[in-house]
Amino acid sequence: MALGVGGDRSKAVSGKHEITVDEFKKWLMSFDYDNDGKISLTELRAAVRSRGSWFMTTKKSGRGLSEADLDGSGYIDENEIDSLLNFAEKCMGFKFY
Ligand SMILES: [Ca+2]
């Protein structure tokens with residue numbers, strides 16, 4: 001619904017940021033500060049924080065990681081990002097299309 005507030009397409013729609021899974025993966029991997037191809041809890045927290053989820057506790061991001069971390073390595077690799085999508089929708093305000 002157009003409200004005449006300008007054409008910023010990157011703006012969140014009803015509080016949700018619409019993004020494709022592919023874009024999400026790219027976005028998340030941009031937090032791979034040590035370039036090991038995996039997202040550690042520290043890196044995930046930075047990603048969560050950048051979304052402005054200030055209410056997000058350390059516990060919650062830890063849970064997101066342990067839910068997605070299928071092999072229990074303590075990191076999320078590219079194959080495991082898929083398991084993070086649910087968490088990203090619920091806790092990070094993303095909406096995938
Ligand atoms: Ca990393």
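Reader: What spacing do the donors of the calcium ion follow along the chain?

Author: The donors follow the spacing D-x1-D-x1-D-x1-K-x4-E, where donors are N, O and S atoms within 2.8 Å of the metal, or 3.2 Å for Na, K and Ca. This is a predicted model; local features need pLDDT of at least 70 and side-chain atom pairs count only at pLDDT 80 or more, whereas totals for chains, interfaces and linings use all residues. Residues are numbered from 1 along each chain as its sequence is written, and side-chain values use heavy atoms, with hydrogens and water left out.

Reader: Which residues coordinate the calcium ion?

Author: Asp32, Asp34 and Asp36 each coordinate through OD, Lys38 through O, and Glu43 through OE, listed twice, at 2.3 to 2.6 Å. Water is not among the atoms, so sites may look incomplete.

Reader: What makes the arrangement around the calcium ion irregular?

Author: The six donor atoms subtend angles of 51 to 158°. Six donors count as octahedral if opposite donors are over 155 degrees apart and all others between 65 and 115; four count as square planar on those terms, or as tetrahedral if all angles lie between 85 and 135 degrees; anything else is irregular. An angle of 51° fits neither octahedral range, and the arrangement is therefore irregular.

Reader: Why is Glu43 called buried?

Author: Glu43 has a relative accessible area of 4%. Buried means under 20%, exposed over 50% and partly exposed in between, with a 1.4 Å probe and protein chains only, so Glu43 is buried.

Reader: Why does Asn35 count as exposed?

Author: Its relative accessibility is 65%, so Asn35 counts as exposed. Asn35 lies in the loop between α1 (21-29) and β2 (38-40); helices (H or I, at least four residues) and strands (E, at least two) are DSSP runs numbered from the N terminus. Phi of Asn35 is positive, near 55°. Most residues other than glycine have a negative phi.

Reader: Why does Ser40 count as buried?

Author: Ser40, in strand β2, is at 12% relative accessibility and therefore counts as buried. Leaving out residues up to four places away in sequence, Ser40 touches Leu65, Gly74 and Tyr75, contact meaning heavy atoms within 4.5 Å.

Reader: At what angle do α1 and α4 pack?

Author: The angle is about 100°, with the axes 11 Å apart. That makes α1 roughly perpendicular to α4, since 65 to 115 degrees counts as roughly perpendicular, under 35 as roughly parallel, over 145 as roughly antiparallel and the rest as oblique. Axes are lines fitted to C-alpha atoms, for helices over the stretch in contact, and angles run from 0 to 180 degrees between N-to-C directions.

Reader: Which residues in α1 and α4 meet?

Author: Val21, Phe24, Lys25, Leu28 and Met29 in α1 meet Ile81, Asp82, Leu84, Leu85 and Ala88 in α4. The buried residues of α4 include Ile81, Leu84, Leu85 and Ala88.

Reader: Why is Gly93 called buried?

Author: A relative accessible area of 16% makes Gly93 buried. Gly93 is in the loop between α4 (81-91) and β4 (94-96), and its phi is positive, near 75°. Beyond its neighbours within four places in sequence, Gly93 is in contact with Gly15, Lys16, His17, Arg51 and Ala88.

Reader: How many helices and strands has the protein chain?

Author: The protein chain has four helices and four strands, running β-α-β-α-α-β-α-β from the N terminus. Of its 97 residues, 32% count as buried.
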